[in-house]
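User: Please take a close look at a single strand of this model and describe how it is placed among its partners. A connected account would be preferred.

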Amino acid sequence: MSAQELDILPDLDEICDSLIGLAYKAGEIITGALPGTDTTGSKKNSADLVTEYDRAVEEMIFSALKDKYPDYQFHGEETYDPSCPLTDAPTFVIDPIDGTVNFVHGFPHACVSLGLAINRVPTVGVVYNPFTTALYSAIRGKGAFLNRDVRLPLRGTNIEPLTGLNNSLISVEWGSERTGQNWETKIRTFEKLGQDRESGGAMVRSMRSIGSAALNLCAVAAGTLDLYWEGGCWAWDVCAGWIILEEAGGIMVGGNPGEWIAKIDGRKYLAVRAATTQTSQKMLVEEFWSNIQGRLEY
């Protein structure tokens with residue numbers, strides 16, 4: 001980013017504070033909701049839900065950000081227009097409720113995900129789970145935090161080494177697409193990851209499915225998950241969590257073998273937590289890639 005571009009940008013600390021304030025307001029809407037079948041609709045199928053609360057939260061956030069930052073672009077899940085892709089302009093990338101299925105079922109792992117991308121690079125991120133009151137935030141170059149005062153990763157300098165998939169707790173997601181090549185790639189990869197080594201598998205320690213891309217990334221940033229593999233989610237799912245992950249010492253690469261440079265709207269991601277060396281992070285990436293059965297095509 002050039003000096004001229006920096007001169008015209010508002011204070012990133014101020015933006016982060018604004019997003020945190022909006023996250024708390026969004027949390028009040030979310031926790032005050034009583035979702036049911038009369039408030040729930042489907043975008044694609046029974047696994048891809050939207051509620052009136054998703055729309056209400058995004059409308060509130062969009063209105064507030066447009067008033068305060070009228071020259072910035074807005075990229076939100078419920079107002080997404082395929083004819084208006086992300087650009088290099090400063091853009092708020094918003095998911096009003098990430099983990100809508102969890103929200104509808106009362107499973108307390110849903111969040112509001114508020115990110116700012118500049119030059120298509122995640123720069124500020126705020127993720128708030130109102131059910132647990134966990135607030136994750138980060139500004140590029142200034143670290144990542146839980147509840148504004150606990151620096152991530154949670155173990156600080158006492159980070160356990162990464163010693164392979166067999167010693168890793170990883171997160172994967174089913175997604176809403178349940179047929180075709182991507183589905184087959186996921187299912188066959190899950191099987192390979194879980195099988196014991198005598199059967200040719202990776203024998204990962206265990207796998208989890210939190211149901212929220214943003215919360216998966218924050219768990220990797222915190223160091224409570226070692227790795228997260230995803231295919232099919234969108235920029236608004238990952239923008240905020242991405243910068244939180246990186247500022248906590250983690251790395252984000254592509255979800256297919258060889259994709260060392262991930263794109264914010266690439267829809268295929270592999271996140272690895274902080275480690276004592278970058279070499280061990282890259283070794284875990286390559287080990288995971290070697291177990292992917294097929295290729296994700298989004």
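Analyst:
**Strand S7 and its partners**

Ala-138 has Ala-144 of S8 as its bridge partner. In this predicted model, that bridge belongs to the pairing of S7 with strand S8 (residues 144–146), where the two strands run antiparallel and are joined by 3 bridges. S7 and S8 make up a hairpin with 4 residues between them. Within that turn, Gly-141 adopts a positive phi of about 85 degrees.

S7 also pairs with strand S6 (residues 121–129), again in the antiparallel sense, over 6 bridges. Here Ser-137 of S7 stands opposite Val-126. S6 and S7 likewise form a hairpin with 4 residues between them, and the turn residue Thr-133 has a positive phi of about 60 degrees.

As for the side chains of S7, Ala-134, Tyr-136 and Ala-138 point one way, whereas Leu-135, Ser-137 and Ile-139 point the other way. Residues on both sides are buried. Because 6 of the 6 residues of S7 (residues 134–139) are buried, the strand is largely enclosed by the rest of the structure. The cut-off behind this statement is a relative accessible area under 20%.

Taken together, S7 is paired with S6 over 6 bridges and with S8 over 3 bridges, and each of these pairings is antiparallel. The residues at the two described bridge positions, Ser-137 and Ala-138, belong to opposite-pointing sets of S7, and both are buried.

Key
Residues numbered from 1 in each chain as written. Predicted model: local features only at pLDDT ≥ 70, side-chain atom pairs only at ≥ 80, totals over all residues. Heavy atoms only, no water. Buried < 20%, exposed > 50% of the residue type's maximum accessible area, 1.4 Å probe, protein only. Pairing = 2+ DSSP bridges.
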